[in-house]
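Colleague: I am new to reading structures like this one. Please take me through it with a few questions and answers.

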Amino acid sequence: MAFGEFDLIETYFTHRLPQRDDVDLGIGDDGAIARVPENSELVIVTDTMVEGVHFDRETPARALGHKVVAVNLSDLAAMGAEPAWISLAITLPEINEEWLAGFAHGLREICDYYNCQLIGGDTTQGPLSVTVTAHGFVPTGKALRRSGAKPGDWIYVSGTLGDAGLALAARQHRQQLNPDYQRKLTERLYFPSPRVALGQSLRGIASSAIDVSDGLLADLRHILKASHVGARVSVDEVPLSLALTESLSEEQALAYALTSGDDYELLFTVPEAQRGLFDTVTAHSPSKPVCIGRITNEAEVVQLLHNDEPWQLPDTPYGFEHFRPLADTSAE
């Protein structure tokens, strides 16, 4: 008998991920039944990854399984939420059991780490694409939003930027890469680490937050638009990895850090009155967030400074744009 849709679900997904006590009914029925903790609100996020747009055909299946969950957990982190459940909709051109085993392995690894249960979804045939909807909890009224930044707030980023963008450019033969950093940069592209614990620690401290998925400047503009404020950014304070600075000139490194996506760090603002508490909360963090600027009252205006002097970004697009396919490297 041919290996079909329900065999696929049973073999690779039904019993292979964490099982949570707050799920009364998971995979196997017309819908899932789960319970939200008392005095909590439910945060729901969704991301789709399509071959040729978000990844190429050479992307390892395990990496795709990890990343499609990670990008959703990064959105939950940006809202200060604790991850709980995911649903998965996957469209496959054919049933490839070796590919499915790798994909399910990557999915399971990250779900095990963050205690997320797969509670449902859908499978269908067609061009390869994967959609995950993630659900998380946040105490009532404590969710972080993009719309709370005020003039005078300090702007922070949780870690180094530009690494994933450089890794992608190297894969597409658009950029030379120091070979000593090939593996590290590829890991940043394929296996991003959502800043879940940091996001939860920022509840009641940060005035606004977003994850850096489309590029620092592009995502900062989302905060500025939602909050009706502007920003002054010291580009020489933007954290850069050794891999980036030893592979590129300073101008190139800053361009990648400011405009390339897929870093999944948190970008957030902290009022002056909360900086002491923020420093206390993050004192023992493995990678302490870095202050890169301050919010201004000039709505949606971004001032870039380098050594306190006005600085012009090299001619490059702001962040990731949908409907612009990736270069296909599979035939090279």
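Colleague: At its relative accessibility, what does Val36 count as?

Modeller: This is a predicted model, in which local features need pLDDT of at least 70 and side-chain atom pairs 80 or more, while totals for chains, interfaces and linings use all residues. Residues are numbered from 1 along each chain as its sequence is written, and side-chain values use heavy atoms, leaving out hydrogens and water. Buried means under 20% relative accessible area, exposed over 50%, and partly exposed in between (1.4 Å probe, protein chains only). The relative accessibility of Val36 is 36%, so this residue counts as partly exposed.

Colleague: Where along the chain is Val36 found?

Modeller: Helices (H or I, at least four residues) and strands (E, at least two) are DSSP runs, numbered from the N terminus. Strand β2 covers 33-34 and strand β3 covers 40-50, and Val36 belongs to the loop between β2 and β3.

Colleague: Arg35 also makes a salt bridge. Which residue is its partner?

Modeller: A salt bridge is a side-chain nitrogen of Lys or Arg within 4 Å of a carboxyl oxygen of Asp or Glu. Arg35 sits in the loop between β2 and β3, and its partner is in strand β1 (residues 23-25), so the bridge ties together parts that are eleven residues apart in sequence. Arg35 is partly exposed at 40% relative accessibility, and the partner is partly exposed at 47%. The N to O distance is 3.0 Å, and the partner is Asp24.

Colleague: How many salt bridges does that rule give?

Modeller: One of them joins Asp56 to Arg171, with the closest N and O atoms 3.0 Å apart. Asp56 is in the loop between β3 and α2 and Arg171 is in helix α4 (residues 163-171), so this pair ties together parts that are 115 residues apart in sequence. Asp56 is buried at a relative accessible area of 6%, whereas Arg171 is partly exposed at 21%. By the rule, the count of salt bridges is eleven.

Colleague: Are Glu265 and Arg188 buried or exposed?

Modeller: These two form a salt bridge with their closest N and O atoms 3.3 Å apart. The bridge links distant parts of the chain, since Glu265 is in the loop between α9 and β10 and Arg188 is in helix α5 (residues 182-190), 77 residues away. Both also belong to a network of salt bridges with Asp163, Arg195 and Asp263. As for their surroundings, Glu265 and Arg188 are both buried.

Colleague: Let's turn to the nonpolar parts. Which residues of the largest nonpolar core touch the most other members?

Modeller: A nonpolar core is a set of buried Ala, Val, Leu, Ile, Met, Phe, Trp, Tyr and Cys residues joined through side-chain atoms within 4.5 Å. The largest one has 49 residues, and those touching the most other members are Phe13, Leu73, Ile86, Leu88, Phe103 and Phe268.

Colleague: Which helix gives the most to this core?

Modeller: The helix in question spans residues 61-78 and supplies nine residues to the core. Its name is α2.

Colleague: How many residues are in the second, separate core?

Modeller: Its members include Ile223, Val233, Ile292 and Ile295. In total, this second core has 26 residues.

Colleague: Ile223 makes me curious about α7. Which elements are among those that cover its buried residues?

Modeller: The buried residues of α7 are Leu216, Leu217, Ala218, Asp219, Leu220, Ile223, Leu224 and Ser227. Their cover includes helix α9 (250-259) and strands β8 (208-211), β9 (230-234), β10 (266-270), β11 (290-296) and β12 (302-306).

Colleague: Trp154 caught my eye too. Which residues is Trp154 in contact with, leaving aside neighbours within four places in sequence?

Modeller: Trp154 is in strand β7 (residues 154-157), and its relative accessible area of 18% makes it buried. Its C-alpha atom is 26 Å from that of Gln252, which is 98 residues away along the chain. Contact means heavy atoms within 4.5 Å. With those neighbours set aside, Trp154 is in contact with Phe268, Thr269, Val270, Glu272, Arg275, Cys291, Gly293 and Arg294.

Colleague: One last topic is backbone angles. What is the phi of His228?

Modeller: Most residues other than glycine have a negative phi. His228 comes just after α7, in the loop between α7 and β9, and counts as exposed at 61% relative accessibility. Its phi is positive, near 60°.

Colleague: And what is the phi of Asn307?

Modeller: Asn307 is in the loop between β12 and β13 (309-310), and at 51% relative accessibility it counts as exposed. Although Asn307 is not a glycine, its phi is positive, at about 55°.
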